[in-house]
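Got a few minutes to trace some strands? Here are some exercises with worked solutions to help you find your way around.

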Amino acid sequence: MTHVVGRRPTHQVHIDHVIVGSDAPVVVQSMTNTDTADAVATAEQVKALADTGSEMVRITVNSPDAASKVAEIRNRLDDMGCHAPLVGDFHFNGERLLKDYPDCARALSKYRINPGNVGKGVKGDEKFAYMIRTAAEYDKAVRIGVNWGSLDQALAKRMMDANLALSEPKPADAVMKEALIVSALQSAQKAVDLGLPENKIILSCKVSHVQDLIEVYRALSQRCAYPLHLGLTEAGMGSKGIVASTAALAVLLQEGIGDTIRISLTPEPGSARTQEVVVAQEILQTMGLRSFTPLVTACPGCGRTTSTVFQELARDIQVYLREKMSIWRLQYPGVERLNVAVMGCVVNGPGESKLADIGISLPGTGETPVAPVYVDGERQVTLKGDNMAAEFLQIVESYVHENYGQGGKKRAPAKIIPIQNAKG
């Protein structure tokens, strides 16, 4: 990874089996949208997110009903063999919930605290202190998450007033961005003064516009050694949310900024919550920072590819590979680096297929109705007929078993690819 000039090495935070910061791989995080008081539904969604690849999952802890179910959710997950760390998202009443429900405080692996809505004045300081001391008592990590939409208004006003007193005041938006950073850094220092070790703290300063996020995190990364959580808050729905998040996070990640990421997508009606995990993984994998699942190279189609066969096969193979990864990840270490090409005509088909581990070049319009399959750059077989898709998937299965199975030539040593925190 290319590190931004002057970026100091971050502290390394251990959150159960997941390592965040320093030279550890960037960690994928997500958040449930179930009612945490419904322990069954929440545990099921956490497991679905974890099975997709979320290495930490945040849950809302906003009421006594929610807090009372956190330990049960943790137990249900453990019984299902899901050990993803749970992060408790606290707002307004976190100190009371942690005090009244100690099982909740113990079951969570990390607390998320927003300084802007803990409380005002002395009372707010006391509530913040209680949450930090609780984290220290139970040896929990804390993310101090400052948010553009809930910034500490007292701090913002003080900084605005001080700016107006200058002979050459800065633009208001510049002061607000600085207030985000100051809030995070001052809160982190308060946490350390209260007894929370520096290697238990992660910071975030979330905003909803791409250029603002890049500017804030560049500045924050220069002024602290804490691991940083990246995310474009309120990114939006569908392609807008995906594009905006990718545009912001890719720039920062390329500069070595960011230790955990979340893609805050507004779910399409009826869509799976797991989409945000897939997008986060694809950002990291396409940038070459990590590997999660085999990549499928496919052409976009043109006038030469009026048949939908290659589109359907590309879709089916991509779905098939992702579904298989829950099993393959354990059986075939290193398989996440597999590259499969599904091409639609003779123009680029053979060339791309030869460059992939396994590639198929399907016939385009007017071409001979046969599909050569290339394995490790060599033409191995030619498929034809209505069963080409099934036959190609069988070739992929055999390739994975032979190359990534026990003794396979591409099998990665298990000690290099830990299950929950692999580096690509």
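Keep in mind that this is a predicted model.

**Exercise 1.** Work out which strands pair with β4, and in which sense.

*Solution.*
- Start with β4 itself, residues 56–60.
- Look to strand β5 (residues 86–90): β4 and β5 pair in the parallel sense over 4 bridges. To spot the register, find I59, whose bridge partner in β5 is G88.
- Now try strand β3 (residues 27–31), which runs parallel to β4 and is joined to β4 by 3 bridges. Here S30 has V57 of β4 as its bridge partner.

**Exercise 2.** Is β4 mostly buried or exposed?

*Solution.* Buried here means under 20% relative accessible area. By that cut-off, 4 of the 5 residues of β4 are buried, so the strand is mostly covered.

**Exercise 3.** Find the handedness of the unit made by β3, helix α1 and β4.

*Solution.* Follow the chain from β3 through helix α1 (residues 39–52) to β4: this β-α-β unit is right-handed.

**Exercise 4.** Which strands stand at the edges of the open sheet β13-β14-β15-β16-β17, and what packs on that sheet?

*Solution.*
- The sheet has 5 strands in that order, with mixed pairing.
- β13 (295–298) and β17 (378–383) are the edges: each has a single partner strand, so one side of each lacks a neighbour in the sheet.
- On average, neighbouring strands are turned by 20 degrees against each other, direction ignored.
- Helix α12 (residues 309–331) packs on the sheet and touches β13, β14 and β15. The direction of α12 makes about 160 degrees with that of β14.

**Exercise 5.** How do β16 and β17 pair?

*Solution.* Strand β16 (residues 371–375) pairs with β17 in the antiparallel sense, over 5 bridges. Check P372: T382 in β17 stands opposite.

Conventions: Residues are numbered from 1 along each chain as its sequence is written. This is a predicted model: local features need pLDDT of at least 70, side-chain atom pairs count only at pLDDT 80 or more; totals for chains, interfaces and linings use all residues. Side-chain values use heavy atoms; hydrogens and water are left out. Buried means under 20% relative accessible area, exposed over 50%, partly exposed in between (1.4 Å probe, protein chains only). Helices (H or I, at least four residues) and strands (E, at least two) are DSSP runs, numbered from the N terminus. Two strands pair if DSSP finds at least two bridges between them. A crossover is right-handed if, with the strands pointing away from the viewer, the path from the first strand over the helix to the second runs clockwise. Axes are lines fitted to C-alpha atoms, for helices over the stretch in contact, and angles run from 0 to 180 degrees between N-to-C directions. Contact means heavy atoms within 4.5 Å.
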